[in-house]
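Let's take a friendly walk through a protein structure, one feature at a time. Keep the picture open beside you as you read.

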Amino acid sequence: MPYFIYVVRVFERNGPIAQAILVAFLVAAVLHGVVNGGAHILMAVRYGAARGDERDAAIDARSLRVAYFALISLVMMGLSTIAFVGAISTPSSEGRIWVPTFSVTSQFVLFCFIVAEALRYLTQVICYRREAWA
Amino acid sequence: MSDPTITNNIRRLRFDAGEMTQETLADEVGVTRQTIIAIEARKYAPSLELAFRIAYAFGQPLEAVFQYEAPKMRGKRK
């Protein structure tokens, strides 16, 4: 089951409070989109269309490399942890061993993407602010 | 990270060209002013094509604009 469908169903099961939170989240997401779009339009009007050059491309490529490395490292660490825990765990009385649920796996994958994306932006900020090599 | 080994005379050449601004040079060679600032400050080594475009903008040969400083090695090349 796709992660977001799973989340919506969980919210549906938990009554009006959860639905109010979901509505608040959707309003915040739309507001974020409007503010972000408005800021981009304002910047384009104020400073003209963004014109990238080879240094921008080099910094972008570098930040993507960092993000990709972080993503792959985190995923490999996660898989290794699952394999390690599976290898050392003792089966329960029913003969079951611990395996990560879909929810746990989804959260972990989302966490990996968020960390990778945050590192990508951080690398860009460092490269631009320090005018570093790219 | 080691310092770049490519130096340049862009600041002096801009002065000689009637105090050409970084913005003017950037427009002539087709990059942003921030890139010119980074190149002047030796924080960014331009591509060969951009280096040629900058030299062309000043009407100078490439070696008059950019110089290569060989990094100090343990054993010197003969």
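## Charged pairs in chain B

Glu69(B) and Arg42(B) form a salt bridge, with their closest N and O atoms 3.9 Å apart. Distant parts of the chain are linked by this pair: Glu69(B) sits in the segment after S2 of chain B, while Arg42(B) sits in the loop between H3 and H4 of chain B, 27 residues apart. Please keep in mind that this is a predicted model.

Are the two partners buried, or are they exposed to some degree? Glu69(B) counts as partly exposed because its relative accessibility is 41%. Arg42(B) also counts as partly exposed, because its relative accessibility is 32%. Arg42(B) has another feature to look for: just after H3(B), Arg42(B) takes a positive phi of about 60°.

How many salt bridges does the structure hold over all chains? There are 7 over all chains. The table shows three of them, each in chain B.

| Salt bridge | N to O distance |
|---|---|
| Glu69(B) and Arg42(B) | 3.9 Å |
| Arg12(B) and Asp16(B) | 3.1 Å |
| Glu49(B) and Arg53(B) | 3.0 Å |

Now look at the pair Arg12(B) and Asp16(B). These residues are separated by about one helical turn, because they are 4 residues apart in helix H1 of chain B. There is a handy rule behind this: an α-helix has 3.6 residues a turn, so residues three or four places apart point the same way. Arg12(B) is partly exposed, with 46% relative accessible area.

The pair Glu49(B) and Arg53(B) lies in helix H4 of chain B, and here too the partners are 4 residues apart, about one turn of the helix. Glu49(B) counts as exposed, since its relative accessibility is 54% and the cut-off for exposed is over 50%. Arg53(B), with a relative accessible area of 30%, is partly exposed. Over in chain A, salt bridges that share partners join Asp60(A), Glu117(A) and Arg120(A) into one network.

## The build of chain B

With those pairs placed, step back to see chain B as a whole. Chain B has 5 helices and 2 strands, and along the sequence they follow the pattern β-α-α-α-α-α-β. Of the 78 residues in chain B, 36% are buried. Among contacts in chain B between residues at least 6 apart in sequence, 56% join residues that are at least 24 apart.

Which residues of helix H3 (residues 33-40) of chain B are buried? They are Thr35(B), Ile36(B), Ala38(B), Ile39(B) and Glu40(B). The cover over these buried residues includes parts of both chains: H3 of chain A, along with strand S1 (6-8), helix H1 (10-16), helix H2 (22-29), helix H4 (48-58) and strand S2 (66-68) of chain B.

## A buried aspartate between the chains

Next, find Asp53(A) in the loop between helix H2 (15-47) and helix H3 (54-88) of chain A. Asp53(A) is buried yet has no salt bridge. The nearest side chain of opposite charge belongs to Arg55(A), 5.9 Å away, and a salt bridge needs the atoms to be within 4 Å.

What does the side chain of Asp53(A) reach instead? One partner is the backbone nitrogen of Arg55(A), at 3.1 Å. Another is the side chain of Thr35(B), joined to the side chain of Asp53(A) by a polar contact of 2.5 Å. Leaving aside neighbours within four places in sequence, Asp53(A) is in contact with Gly30(B), Val31(B), Thr32(B) and Thr35(B).

## Empty spaces

Rolling a probe the size of a water molecule over the atoms shows where empty space is left. A search of the whole structure finds 1 cavity of 30 Å³ or more. The largest cavity holds about 40 Å³ of space. Of its 10 lining residues, the closest to the centre are Ile6(B), Asn8(B), Ile39(B), Tyr44(B) and Ala45(B). S1(B) gives the largest share of this lining, 3 residues.

The second largest pocket has a volume of about 210 Å³. It is lined by 13 residues, and Gly78(A), Leu79(A), Ile82(A), Thr105(A) and Phe108(A) are the closest to its centre. H3 and helix H4 (102-129) of chain A each supply at least two residues of this lining, and the largest share, 6 residues, comes from H3(A).

Methods. Residues numbered from 1 in each chain as written. Chains lettered and ligands numbered in written order. Predicted model: local features only at pLDDT ≥ 70, side-chain atom pairs only at ≥ 80, totals over all residues. Heavy atoms only, no water. Buried < 20%, exposed > 50% of the residue type's maximum accessible area, 1.4 Å probe, protein only. Lys, Arg positive; Asp, Glu negative; His and termini not counted. Polar contact = N/O pair within 3.5 Å; in protein donor to acceptor, adjacent residues only side chain to side chain. Contact = heavy atoms within 4.5 Å. 1 Å grid on protein atoms, 1.4 Å probe; cavity = no way out; pocket = protein on both sides within 12 Å on 5 of 7 lines; lining within 4 Å. Points joined across faces, edges and corners; volume = space filled by probe spheres on them.
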